[in-house]
Amino acid sequence: QVQLVESGGGLVQPGGSLRLSCAASGSISSISLMGWYRQAPGKQREFVAHIHSDTTVYADAVKGRFTISRDNTKNTVYLQMNSLKPEDTAVYYCRDFVTNSWGQGTQVTISS
């Protein structure tokens with residue numbers, strides 16, 4: 001089982017940026033499928049982005065604004081979020097698809 005710990009959330013104004021990190025306790029394969037999801041209050045958890053080897057996929061709502069990346073030497077996956085909007089407010093979760101492990105989540109709030 002892989003333990004995942006997210007960090008980097010916070011409160012930012014619309015148009016701002018944040019970078020989320022997901023640190024894995026165990027070694028993650030350089031080709032393993034890792035992803036980010038989010039859950040807003042009163043809504044279902046939704047897909048944000050995933051990365052498999054160097055291939056990335058994004059939800060339409062974040063395409064062009066968010067970038068997922070990984071550093072296998074640090075067992076860490078990142079989510080760079082730019083041009084943030086109030087509708088991006090949610091708890092963001094990291095997921096390891098191979099073991100179906102989830103992190104505890106990090107709160108992102110976009111508000112002026």
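Contact here means heavy atoms within 4.5 Å. The model is predicted, so local features need pLDDT of at least 70 and side-chain atom pairs count only at pLDDT 80 or more, while totals for chains, interfaces and linings use all residues. Residues are numbered from 1 along each chain as its sequence is written, and side-chain values use heavy atoms, with hydrogens and water left out.

**Exercise 1. Find what Y92 touches, then place Y92 in the core.**

Step 1. Leave aside the neighbours of Y92 within four places in sequence. Y92 is then in contact with E6, L20, W36, Y37, R38, V48, F66, L79, M81, G105, T106 and V108.

Step 2. Bring in the term for the core. A nonpolar core is a set of buried Ala, Val, Leu, Ile, Met, Phe, Trp, Tyr and Cys residues joined through side-chain atoms within 4.5 Å. Buried means under 20% relative accessible area, exposed means over 50%, and partly exposed lies in between (1.4 Å probe, protein chains only).

Step 3. The largest nonpolar core has 28 residues, and the members touching the most others are W36, L79, M81 and Y92. At least two core residues come from each of β3 (18-24), β4 (33-39), β5 (46-52), β7 (66-71), β8 (76-81), β9 (90-96) and β11 (106-110). The strand that gives the most is β3, with 4 residues. Strands (E, at least two residues) and helices (H or I, at least four) are DSSP runs, numbered from the N terminus.

**Exercise 2. Sort the side chains of β7 by face, and follow the strand into its hairpin.**

Step 1. Recall the general pattern: in a regular strand the side chains alternate between the two faces of the sheet.

Step 2. In β7, F66, I68 and R70 point to one face and are buried. T67, S69 and D71 point to the other face and are not buried.

Step 3. Two strands pair if DSSP finds at least two bridges between them. β7 and β8 pair in the antiparallel sense, over 6 bridges, and D71 stands opposite T76 in β8.

Step 4. The hairpin of β7 and β8 has 4 residues between the strands, and N75 there takes a positive phi near 50°.

Step 5. Now try the hairpin of β5 and β6. Strand β6 (residues 55-58) runs antiparallel to β5, with 4 bridges joining them, and I51 stands opposite T56 in β6. This hairpin has 2 residues between the strands, and S53 takes a positive phi near 55°.

**Exercise 3. Classify the aromatic pairs of Y37.**

Step 1. Set the rule. Rings of Phe, Tyr and Trp (its six-membered ring) pair if their centres lie within 6.5 Å; planes under 30 degrees apart count as stacked, over 60 as edge-to-face and the rest as tilted. By this rule the count comes to 3 aromatic pairs.

Step 2. Y37 and F47 have ring centres 5.7 Å apart and planes at 75°, so this pair is edge-to-face. Y37 lies in strand β4 and F47 in strand β5, so the pair ties together parts 10 residues apart in sequence. Y37 counts as buried at 13% relative accessibility, whereas F47, at 25%, counts as partly exposed.

Step 3. Y37 and F97 make a tilted pair, with 6.2 Å from centre to centre and 45° between the planes. Here the linked parts are distant: Y37 is in β4 and F97 is in the loop between β9 and β10 (101-102), 60 residues apart. F97 is partly exposed, with a relative accessible area of 23%.

Step 4. Collect the rings: Y37, F47, F97 and W102 form one aromatic cluster.

**Exercise 4. Locate the disulfide and describe the surroundings of C94.**

Step 1. A disulfide is a pair of cysteine sulfur atoms within 2.5 Å. The structure holds 1 disulfide, which joins C22 to C94 with S to S at 2.1 Å. The link of C22 and C94 is left-handed, with -80° about the S-S bond.

Step 2. C22 sits in strand β3 and C94 in strand β9, 72 residues apart. C22 counts as buried at 1% relative accessibility, and C94 counts as buried at 0%.

Step 3. Leaving aside neighbours within four places in sequence, C94 is in contact with L4, E6, C22, M34, G35, W36, S101, W102 and G103. C94 and G35 are 59 residues apart in sequence and 5.8 Å apart in space, C-alpha to C-alpha.
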